[in-house]
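Work through the following exercises with the sequence and the model open. Each task is followed by a solution in steps.

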Amino acid sequence: MSPATAPTPSGPATPAGAAAPPIVALRGIAKTYGAIRALRGVDLEIRRGEVHALLGENGAGKSTLVKCLAGAVIADEGEFLVDGEPVAIGGPTDALDVGVRVVYQELALFPTLSVAENVVGGELHGQRRVDWRRLRTAARAHLDMVELDVDVDTRIEQLSVGTQQMVEVARALGSGGRLIVLDEPTSALGQDEIAQLFRSIRRLADQGVSFLLVTHFLEDVIEHADRATIIRDGRRVATVDVADTTKDELVGHVVGDAGRALRAGLAGQELRLPPRPDGEVLVRAAGVRRPPSVHEMSFDVRAGEVVGIYGDLASGHAAFAEMLFGLGAPEEGELEVLGHAADGSGTRRARDRGIGFVPGDRRAALALEQPIFKNMTLATLQRRGPLLHEGGERTVAEGLIDRLRVANGTPELPAGALSGGNQQKVVLARWMIDPPRLMVLVEPTRGMDVGAKAEVVDIVRSLATDGRAAIVVSSEPEIVLDCATRVLVAKRGRIVAAFSDRTVTKDQLMREAF
Ligand SMILES: Nc1ncnc2c1ncn2[C@@H]1O[C@H](COP(=O)(O)OP(=O)(O)OP(=O)(O)O)[C@@H](O)[C@H]1O
């Protein structure tokens, strides 16, 4: 479709309460995977020009619902209405035909191709000679729709994640998208990029484009969404007008009664651990430098401490964390971990020395085809050998599945069949059987719901008792603040601030980091 014929959204959105049918309505959508009933009859209505949030705990069924909407998974039951008319969504092209576009977390752009080729490349299909001028002009027109000021000849891999995401939105709109589904759009973005993304979303929504936002960030919902639908255990529990709703009410809908009880229990604990200035030094970093991302990091970590390192993707904190786990050595400076120089001698040796690691990329950390129980007991077996017989492994896994509330989890289920947030729980569980002396966690709560985040705080704290310590690296200030006894702020490869004062706030951290 050329940009001239693309249905550029224009004119004001239908005012709330007007009689126009929702642009998309789902009724009674059900989907079963084997014995798991992922969706049990969900209704969802999206109006023209609204920003609609889809909320729910890990495993509630959000991704499955989006996949049904996108035609990537075929619903077992239920009805799809577009502009009030029933349509059959029997595959991805049906969804594309009615204007549904999904921007997944793992972006679907070609990294080595230019912005122009990515944005309008689909239109080149079948053309024998490429009219590059036309291609660039068309791409520019699409990018203007999202007010994205990048050179159309830039290769995708040279852009920040946030800009790439906007390129995908531009592509979605340019190809006739009327309902853009964004799956956890902010989890890899810095604060500036998040603000820019929401400005674009609002402007487009004002022009009549609809957005479905799948997210765990309730503050983003409160600030930027018009309505929210909450699902739990595959059922819709509520659809609310965000303007009339508080964050606490949203939390209540998301976690339900059982989750509320759990949170109440955790809220009764002292938030933020006291500092531990007298423990044995387990990590000593002095002038550590490892270009391109780590430039000068110096700090100690003592037994009994949870040190939080807050910063965005460019802060170098994740690259520093990897060095602690044997992945790379400093080019300059000294880094001593549990009495050994960090020399990049590999993860196996690091594990043997008593270091545990939860990487940012959970899919790479899991054997997705393998059952959950194997994934959970892996680290212990690698470190200790087969102390546990398989029946024992299953029992241990069952306990962890219960403790972490892995939705629909059974020891035998392949890890790949879990929802994203529940996969993250399995990666974490792996280190809880026989906790290492030093636990390093990168973005441990990425993709996790509010209840699970509270659990992670509890677990990380327990990992720093009995002479052990933990380091939590994250771009989410809340998790760092809740877990840590001491908070460091990283910015462009340097530690720029340190707080051991328990009154430090999110705003203070963000001011230092950006
Ligand atoms: N391919 C699959 N095979 C078996 N079960 C699956 C499959 N995909 C999803 N499920 C199950 O369906 C349920 C809903 O998963 P879904 O991914 O939709 O949850 P979600 O709400 O998106 O969770 P999260 O917030 O963690 O991403 C989960 O219990 C999950 O284990």
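**Exercise 1. Domains**

Task: State how far apart the centres of domain 1 and domain 2 are, and describe the side of domain 1 that touches domain 2.

Solution. In this predicted model, the protein chain is divided into domain 1 (48–75 + 92–264) and domain 2 (281–513). Taken over C-alpha atoms, their centres are separated by 29 Å. Next, take the contacts: 17 residues of domain 1 are in contact with 16 residues of domain 2. On the domain 1 side, helix H8 (residues 247–267) gives the largest share, six residues. By type, the residues of that side of domain 1 are six nonpolar, eight polar and three charged.

**Exercise 2. The shell around the ligand**

Task: Find how many residues surround the ligand and which elements and domains supply them.

Solution. Begin with the count: the ligand is surrounded by 21 residues. The closest are Asn 58, Ser 63, Thr 64, Ser 419 and Gly 421. Then assign elements: at least two residues of the shell come from each of strand E2 (36–46), helix H1 (62–70) and helix H14 (420–429). Domain 1 and domain 2 each contribute at least three residues to the shell. Finally, sort the shell by type, which gives seven nonpolar residues, 13 polar and one charged.

**Exercise 3. Helix H4**

Task: Compare the span of helix H4 with the expected value, then decide how its buried residues are arranged around the axis.

Solution. Helix H4 (residues 132–145) has 14 residues, which at 1.5 Å a residue should span 20 Å. Its end C-alpha atoms are 20 Å apart, so the two values agree. For burial, the threshold is 20 or more other C-beta atoms within 10 Å. In H4, Leu 135, Ala 138, Ala 139, His 142, Leu 143 and Met 145 are buried. These residues cover an arc of only 145° around the axis and therefore lie on the same side of H4. Arg 133 and Asp 144, on the other side of H4, are exposed. The partners come next: the buried residues of H4 pack against helix H3 (115–120) and H5. After H4 comes Glu 147, with a positive phi near 50°.

**Exercise 4. Helix H5**

Task: Apply the span test to helix H5 and say why it is largely enclosed by the rest of the structure.

Solution. Helix H5 (residues 161–174) also passes the span test, because its 14 residues should span 20 Å at 1.5 Å a residue and its end C-alpha atoms are 20 Å apart. Of the 14 residues of H5, 13 are buried, so the helix is largely enclosed by the rest of the structure. Gly 176 follows H5 and has a positive phi, near 95°.

**Exercise 5. Arg 302**

Task: Is Arg 302 buried or exposed, and how far is Asp 241 from Arg 302 in sequence and in space?

Solution. Locate the residue: Arg 302 is in strand E12 (residues 294–302). Arg 302 has 20 C-beta neighbours inside 10 Å, and therefore counts as buried. Arg 302 and Asp 241 are 61 residues apart in sequence, and their C-alpha atoms are 47 Å apart in space.

**Exercise 6. The whole chain**

Task: Give the number of helices and strands, the buried percentage, and the part that residues 24 or more positions apart play in the contacts.

Solution. The protein chain has 17 helices and 20 strands. Of its 514 residues, 48% count as buried. Among contacts with a separation of 6 or more, 70% are between residues 24 or more positions apart.

How values were computed. Residues are numbered from 1 along each chain as its sequence is written. This is a predicted model: local features need pLDDT of at least 70, side-chain atom pairs count only at pLDDT 80 or more; totals for chains, interfaces and linings use all residues. A residue is near a molecule or strand if its C-beta atom, placed from the backbone, lies within 6 Å of it. Helices (H or I, at least four residues) and strands (E, at least two) are DSSP runs, numbered from the N terminus. Ala, Val, Leu, Ile, Met, Phe, Trp, Tyr, Cys and Pro count as nonpolar, Asp, Glu, Lys and Arg as charged, and the others, Gly among them, as polar. Domain bounds come from an automatic or database domain assignment. Two residues are in contact if their C-beta atoms, placed from the backbone, lie within 7 Å. The expected span of a helix is 1.5 Å times one less than its number of residues. A residue is buried if 20 or more other C-beta atoms lie within 10 Å of its own, exposed if 12 or fewer, and partly exposed in between; C-beta atoms are placed from the backbone. The arc is that of the directions from the helix axis to the C-beta atoms.
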